[in-house]
Amino acid sequence: MDPTIVSQKISAFDCPPEGIALRHLAVILDGNRRWARRHGHSTSKGYQHGGNRVLDLLTWCLDITDLEVLTLWPLSTENLRRPDTELDGLLRVIADTTQAIAATRRWRIHYLGVPERLPSQWTNILLSAADETAHVVGPTVNIALAYGGHDEITRSVQRMLLTHRTAGTLDHLAQHIDTADIAQHLDTMGQPDPDLVIRTSGEQRMSGFMPWQSAYAEYYFCPTTWPDFQQTDLLRAVSWYRRRARRYGE
């Protein structure tokens with residue numbers, strides 16, 4: 001690797017005293033099907049290459065010294081409407097990749113969304129992989145499956161109401177509800193909100209990804225399709241983020 005790139009990598013991946021922390025990185029893994037069409041491959045081949053790139057990303061992210069949480073979004077609620085043959089191929093790659101992540105014993109797996117909405121054969125594999133990492137001491141990787149931002153907020157409110165109904169405190173909630181009440185019932189309960197959100201493949205929209213948690217995140221739109229994403233792309237995004245001045249609406 002070029003010495004200049006190595007120097008940039010160290011300065012970006014190690015949080016400098018004067019820099020801003022990167023505790024939570026989120027990535028929208030976009031462009032697998034476009035990559036496949038561009039290269040004359042099947043859609044399933046695009047998903048396979050995307051799955052391999054996920055494992056590369058986790059290796060690169062271990063160099064980000066202040067990173068606590070990495071969130072990946074491979075399957076939205078809308079994706080569940082894709083043809084069964086395509087969806088089965090995608091779910092197979094997700095299951096294989098998740099098992100490979102668990103086998104590293106470097107990441108603690110946590111799911112966003114409702115993986116139980118998937119066919120049981122895949123749900124069982126995915127939940128088993130998460131159980132294997134329950135005692136891992138290391139960063140958390142959130143895998144968003146059957147996930148949609150509106151759906152997550154709706155489920156959060158439902159959980160909140162059920163909790164207060166059981167406790168007999170619904171009247172109190174109605175008068176004193178605040179943002180913390182909803183936040184503590186989200187799928188990311190107890191985690192820091194995303195600092196940096198990367199979306200690959202050039203699309204400049206969020207598509208309902210973590211709308212509550214990413215309200216003050218920095219967004220980086222990378223033109224590279226996900227299967228072609230390289231460590232230098234991550235370096236550019238993290239370096240860009242470290243130079244930002246975060247204002248939180250101030």
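Q: Helices are DSSP runs of type H or I with at least four residues, numbered from the N terminus. In helix H6, how many residues apart are Arg155 and Asp151?
A: The model is predicted. Arg155 forms a salt bridge with Asp151, with the closest N and O atoms 2.8 Å apart. Both residues belong to helix H6 (residues 149-167), and their separation is about one helical turn because they are apart in the helix by four residues.

Q: Which residue forms a salt bridge with Arg155 from the loop between helix H8 and strand S5?
A: Arg155 counts as buried, at 11% relative accessibility. A salt bridge with closest N and O atoms 2.8 Å apart joins Arg155 to a partner that is also buried. That partner lies in the loop between helix H8 (179-183) and strand S5 (196-199), 32 residues from Arg155, so that the pair links distant parts of the chain. The partner is Asp187.

Q: How many residues apart in sequence are the parts that the pair of Arg23 and Glu68 ties together?
A: Arg23 and Glu68 form a salt bridge whose closest N and O atoms are 2.9 Å apart. Arg23 is in the loop between helix H1 (3-13) and strand S1 (24-28), whereas Glu68 is in the loop between helix H3 (43-61) and strand S2 (69-73). Arg23 is partly exposed at 36% relative accessibility, and Glu68 is partly exposed at 35%. The parts tied together are apart in sequence by 45 residues.

Q: How many salt bridges does the structure hold?
A: Salt bridges that share partners join Asp30, Arg34, Arg199, Glu203 and Arg205 into one network. For the structure, the number of salt bridges is 16.

Q: Which residue has a side-chain polar atom 2.7 Å from the backbone nitrogen of Leu22?
A: The residue is placed in the loop between H3 and S2. Its relative accessible area is 15% and the cut-off for buried is under 20%, so it counts as buried. The residue whose side chain approaches the backbone nitrogen of Leu22 to 2.7 Å is Asp66.

Q: How far apart are the end C-alpha atoms of H3?
A: H3 has 19 residues, and at 1.5 Å a residue its expected span agrees with the distance between its ends. The buried residues of H3 include Gly46, Tyr47, Leu57, Leu58 and Cys61. The end C-alpha atoms of H3 are apart by 27 Å.

Q: Why is Cys61 not in a disulfide, and how far is its sulfur from the closest cysteine sulfur?
A: A disulfide requires two cysteine sulfur atoms within 2.5 Å, and a search of the whole structure finds zero. Cys61 is buried at 2% relative accessible area, and Cys222 is buried at 3%. The closest cysteine sulfur to that of Cys61 is in Cys222, which is too far for a bond, so no disulfide forms at a distance of 13 Å.

Q: Which helix gives the most to the largest nonpolar core?
A: In soluble globular proteins, nonpolar side chains tend to be buried together. The largest nonpolar core here has 48 residues, and Leu25, Leu57, Leu70, Ile198 and Leu234 have the most contacts inside it. Beyond its neighbours within four places in sequence, Leu70 is in contact with several residues, among them Leu25, Val27, Leu57, Cys61 and Trp107. With eight residues, the helix that gives the most to this core is H4 (residues 84-104).

Q: How many residues make up the second, separate core?
A: The second core is separate from the largest one. Ala26, Ala144, Tyr147 and Met210 are among its members, and its number of residues is 11.

Definitions and conventions: Residues are numbered from 1 along each chain as its sequence is written. This is a predicted model: local features need pLDDT of at least 70, side-chain atom pairs count only at pLDDT 80 or more; totals for chains, interfaces and linings use all residues. Side-chain values use heavy atoms; hydrogens and water are left out. Buried means under 20% relative accessible area, exposed over 50%, partly exposed in between (1.4 Å probe, protein chains only). A salt bridge is a side-chain nitrogen of Lys or Arg within 4 Å of a carboxyl oxygen of Asp or Glu. Helices (H or I, at least four residues) and strands (E, at least two) are DSSP runs, numbered from the N terminus. The expected span of a helix is 1.5 Å times one less than its number of residues. A polar contact is a pair of N or O atoms within 3.5 Å; within protein, one must be able to donate a hydrogen and the other to accept it, and residues adjacent in sequence count only if both atoms are side-chain atoms. A nonpolar core is a set of buried Ala, Val, Leu, Ile, Met, Phe, Trp, Tyr and Cys residues joined through side-chain atoms within 4.5 Å. Contact means heavy atoms within 4.5 Å.
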